[in-house]
Amino acid sequence: MKPETRPPGERLKKPQSAVRGRIVEIGQRLSSLYNVCILPATDKNVAGAHLETLYWPRRIARCCGASLTLLGVVVLFGWFLGIGSIKSVRPGLMEMKANTALCFLLSGAALWTTASPRCTFRHRISSAGAYLIITVGLATAFEYLSGANLGIDEMLIRDPPEAEAAHWVLQPGRMALVTALAFVMAGASLLLLRGRATAVAQLLACGTALTALFSLATYLWRDVAMTGVEPYTALALHTAVGFGVLAVGLLAAAPSHGPVAILVSPTLSGALARVLLPAAIGITLVLGTLEVAGLRAGWYRATYGMA
C-alpha cells in the first residue's frame, strides 16, 4: 500500500496556526502588562489591576536580592583568588573591598527573605542581615571620624601592597565613607520595611539610590572636581551598580505602603508617576552629559555650565 500523501500546504497549516497562536498570546500578554504598568485602570478592574501591580514589584525585589548575593559571592571569590578584573572591573578603576562585598551578600540575602512571604523565619533572617550591615557601616564611619583602627578593614583578606599606593586609598581594606553611610541607610531601610515606618524606609532607600546615581554620573562624566575628597566618596563601578540594584529592591519590597504605593497604583496619578520619574532621571543625565561635553570642547567656562 502506498503511504498517504498530503498537499504541501496542508502539512504546513497546523505548524503555521500554532506559531500564529503563540504570537497572538505573546502580544496579549505584552498588552496586558502595558495596561497594568502604564495605563490607569477603570473602576471595573481597578481591584484586579492593583493586585497584579503588587505582584511584579515583589518579584523584582527578589531578583534584586539574588543579584546582590551573587555579586557579593563573586567579588569575594575574586579577592580570595586574586583576580583583579573581578575586584575593579577594569585596570585603573577603584576596587570593591572585601567588606563591601560581604555587606552586599548580607543585604541581598536579607532583601530576598524580606520579599519572600513564604520564607520561614524571614523576619529574623532579614533583621540579622540588616543589623550586621549597620554594624559594619557604623564601625567604618567611626574609624573615619575618630582616626582609630578597629581591625575590621582587613578582617577577611589583606590588601596587596600595590593597592595601598593608590591615591584613593586612605587605609588598606577600608571601604569609602560614603559606602559605609549608604550601607547604614540600606540596613535601616531593611529594618523599617514593616509596619508604619515603611515610608521612612523608602526615603532611606532613595538616599541609597542617590548615592548610586551620583557615583555612576561621575563615571559617566569623568568629573575631576571632587578629586580632593575622592578617598571618602569614591565608589567602585560595580559598587555603584550594586547600590542602585539594592535601592530598587528596597523600594519594590513593600509596594503597598509609602510613596511607592502611589507609583504602582493603577490610577491616573500612578500612571503619570511611572512615566515622569524615568523621564526626569534620563533627561538629567542627558543634560549633564551635554554640559560636560560643551565644557571639554571649550564652548563656555565651568561657571556658565554650572549655571
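# Exercises on a helical chain

Phe 243 counts as buried, with 0% relative accessibility; buried means under 20% relative accessible area, exposed over 50%, and partly exposed in between (1.4 Å probe, protein chains only). The model is predicted, so local features need pLDDT of at least 70 and side-chain atom pairs count only at pLDDT 80 or more, whereas totals for chains, interfaces and linings use all residues. Residues are numbered from 1 along each chain as its sequence is written, and side-chain values use heavy atoms, with hydrogens and water left out.

## Exercise 1. The chain as a whole

Describe the secondary structure of the chain and state what share of its residues is buried.

Solution.
1. The chain comprises 12 helices and 0 strands, where helices (H or I, at least four residues) and strands (E, at least two) are DSSP runs numbered from the N terminus.
2. Read from the N terminus, the elements run α-α-α-α-α-α-α-α-α-α-α-α.
3. Of the 307 residues in the chain, 36% are buried.

## Exercise 2. Two helices

Establish how the end-to-end reach of helix 6 and of helix 11 relates to the expected span, and identify buried residues in each helix.

Solution.
1. Helix 6 spans residues 177–191, which is 15 residues. From first C-alpha to last, helix 6 reaches 21 Å, close to the 21 Å expected at 1.5 Å a residue; the expected span is 1.5 Å times one less than the number of residues.
2. Helix 6 is mostly covered, with 11 of its 15 residues buried. Among them are Leu 177, Phe 183, Val 184 and Leu 190.
3. Helix 11 covers residues 268–296 and has 29 residues. Its reach of 42 Å from first to last C-alpha is close to the expected 42 Å.
4. The buried residues of helix 11 include Arg 274 and Glu 291, as well as Gly 270, Gly 288 and Gly 294.
5. Just after helix 11, Gly 298 adopts a positive phi of about 80°.

## Exercise 3. Aromatic contacts

How many aromatic pairs does the structure hold, and which parts of the chain does the pair of Phe 104 and Phe 243 tie together?

Solution.
1. There are 3 aromatic pairs in the structure. Rings of Phe, Tyr and Trp (its six-membered ring) pair if their centres lie within 6.5 Å; planes under 30 degrees apart are stacked, over 60 edge-to-face, and the rest tilted.
2. Phe 104 and Phe 243 form a tilted pair, at 5.2 Å centre to centre with 55° between the planes.
3. Phe 104 belongs to helix 4 (residues 98–114) and Phe 243 to helix 9 (residues 237–253), so this pair ties together parts that are 139 residues apart in sequence.
4. Phe 104 is buried, at a relative accessible area of 0%.
5. Phe 183 joins Phe 104 and Phe 243 in one aromatic cluster. Phe 183 is also one of the buried residues of helix 6.

## Exercise 4. Contacts of Arg 174

Trace the salt bridges of Arg 174 and name the ring over whose face Arg 174 lies.

Solution.
1. Side chains of opposite charge can pair when their charged atoms come close. A salt bridge is a side-chain nitrogen of Lys or Arg within 4 Å of a carboxyl oxygen of Asp or Glu, and the count by this rule is 3.
2. Arg 174 is buried, with a relative accessible area of 11%.
3. Glu 143 forms a salt bridge with Arg 174, the closest N and O atoms being 3.3 Å apart. Since Glu 143 lies in helix 5 (residues 122–146) and Arg 174 in the loop between helix 5 and helix 6, the pair ties together parts that are 31 residues apart in sequence.
4. Asp 153 forms a salt bridge with Arg 174 as well, with the closest N and O atoms 3.0 Å apart. Asp 153 and Arg 174 both lie in the loop between helix 5 and helix 6, so the pair ties together parts that are 21 residues apart in sequence.
5. Both partners count as buried: Glu 143 at 1% relative accessibility and Asp 153 at 4%.
6. Glu 143, Asp 153 and Arg 174 are thus linked in a network of salt bridges.
7. Arg 174 lies over the face of Tyr 144, at 5.2 Å from the ring centre; the rule requires NZ of Lys or CZ of Arg within 6 Å of the ring centre and within 35 degrees of the ring normal.
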